[in-house]
Amino acid sequence: MAAKGFTRAGEGGYSYLKEWLWWAGLLSMGIGEAANFAAYAFAPATLVTPLGALSVLISAILSSYFLEEKLNIHGKLGCVLSILGSTVMVIHAPEEELITSLDDMETKLKDPVFIVFASVVIVTSLVLIFVVAPRFGQTNILVYISICSLIGAFSVSSVKGLGIAIKDMLYQKPVFRNPLLYVLTVVLVLAVSTQINYLNKSLDVFNTSLVTPIYYVSFTTTVVICSVILFKEWNSMELGDIIGTLSGFFTIIIGIFFLHAFKNVSITWNQLAASVKKDPNLPLHAYESHHTLLENMDAPVSICDEDNTLFSRGNERQ
């Protein structure tokens, strides 16, 4: 759309709304979120959210095929670590405190600790949206993602409450008389709309294979903290389960680090095998890459001064 003269999403434009491919993606996302909706209604958020690591794997693979974004060995290892970490978190997932009605949900929302947490999230989000994003959103990948992640705490909480309301409707309870139902609906619509807007901006400016895993880590962190405060999911956990949950989450973060820090390092399995077989005392000629961590180091370059005298940068003048 930018080639047609339209303003890009990263610059505040909304021309993507005219693209059928974007709407197809939104529909697919909607179907996935509907499944998430059902999952959040019947399981703890700390159990459901880590399974989003599958999106890291799928997005990285699809972007490598359809967007020509290469996924190197480090990226593949990062995906594997993300899956392993999520599995560990699921194994040690906490038992959710029983919430059977919107009245119970309302009691949870009135908890002073949650009110403080929600206030901090709202103030931080507003500062990011109106102060930080206009200045640094185009250059710092964390700005837009942080907005999506913080707002995600409210979307997950709203989905949880609406899931309880749907279960009550199945039992023919008068949930439509409860004002909390409409409050949660409005909060969910606002939160999801904000997340879609800033996620589109982030995807337009930065690499998809980076946005997805970083967003996963930050979003999961926010949701876990919110769940611990609001639903008291960790109150009944034993020390071993807490350590297992944290270990699984740190494993995911390590996987994300592999995806992010080494995305431009071009290494093949053949190069790795050659490096193992070679004599460690000999120079490794098989491993040559234009994207190494040392590529920015100064190298001697022959140039001429005013007297046409050759000398090398980094060496003394001849």
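This passage walks through the fold, the main nonpolar core and a handful of buried positions in a predicted model.

Start with the overall layout. The chain is built from eleven helices and two strands, and the order along the sequence is α-α-α-α-α-α-α-α-α-α-α-β-β, which leaves the strands at the end of the pattern. Of its 318 residues, 38% count as buried. Among contacts in the chain with a separation of 6 or more, 72% are between residues 24 or more positions apart.

Helix α1 opens the series. This helix runs over residues 20-42, 23 residues in total, and spans 34 Å from its first C-alpha to its last, close to the 33 Å expected at 1.5 Å a residue. Its buried residues are W22, Y40 and A41. A38, also in α1, turns out differently: with a relative accessibility of 37%, A38 is partly exposed, because that value falls between the 20% and 50% cut-offs. The C-alpha of A38 sits 9.9 Å from that of I164, although 126 residues separate the two along the chain.

Now for the core. The largest nonpolar core takes in 57 residues, and Y40, L102, F114, F117, I141 and I147 have the most contacts inside it. Two or more residues come from each of α2 (45-48), α4 (73-91), α5 (102-109), α6 (112-136), α7, α8 (179-205), α9 (208-230) and α10 (239-261). The top contributor is α7, which supplies 15 residues. Both domain 1 (33-97 + 239-266) and domain 2 (103-231) give residues to this core, so the core lies between the two domains. As a general backdrop, nonpolar side chains tend to be buried together in soluble globular proteins.

L102, one of the residues with the most contacts inside the core, is worth a look of its own. Beyond its neighbours within four places in sequence, L102 is in contact with G161, I164, A165, D168, V175, N178, L180, L181 and L184. L102 is also one of the buried residues of α5, along with M105 and K108. These three cover an arc of only 110 degrees around the axis, so they end up on the same side of α5. The geometry of an α-helix helps here: with 3.6 residues a turn, residues three or four places apart point the same way.

Two of the partners of L102, D168 and V175, also touch each other. D168 belongs to helix α7, which covers residues 141-170, and has a relative accessibility of 6%, so D168 counts as buried. Leaving out residues up to four places away in sequence, D168 touches T100, S101, L102, K173 and V175. V175, for its part, lies in the loop between α7 and α8. Despite that loop position, V175 is buried, because its relative accessible area is 5%, under the 20% cut-off. On the same sequence basis, the contacts of V175 are L102, A165, D168, M169 and L181. Its C-alpha is 9.0 Å from that of S101, 74 residues away along the chain.

Elsewhere on α7 there is S157. At 6% relative accessibility, S157 is buried too. Aside from residues up to four places away in sequence, S157 touches M105, C226 and L230, and M105 is itself one of the buried residues of α5. S157 and L109 are 48 residues apart in sequence, with 9.4 Å between their C-alpha atoms.

Finally, the cysteines. C226, the contact of S157, has a relative accessibility of 3% and counts as buried. C148 is buried as well, with a relative accessible area of 1%. The structure contains zero disulfides.

How values were computed
Residues are numbered from 1 along each chain as its sequence is written. This is a predicted model: local features need pLDDT of at least 70, side-chain atom pairs count only at pLDDT 80 or more; totals for chains, interfaces and linings use all residues. Side-chain values use heavy atoms; hydrogens and water are left out. Helices (H or I, at least four residues) and strands (E, at least two) are DSSP runs, numbered from the N terminus. Buried means under 20% relative accessible area, exposed over 50%, partly exposed in between (1.4 Å probe, protein chains only). Contact means heavy atoms within 4.5 Å. A nonpolar core is a set of buried Ala, Val, Leu, Ile, Met, Phe, Trp, Tyr and Cys residues joined through side-chain atoms within 4.5 Å. Domain bounds come from an automatic or database domain assignment. The arc is that of the directions from the helix axis to the C-beta atoms. The expected span of a helix is 1.5 Å times one less than its number of residues. A disulfide is a pair of cysteine sulfur atoms within 2.5 Å.
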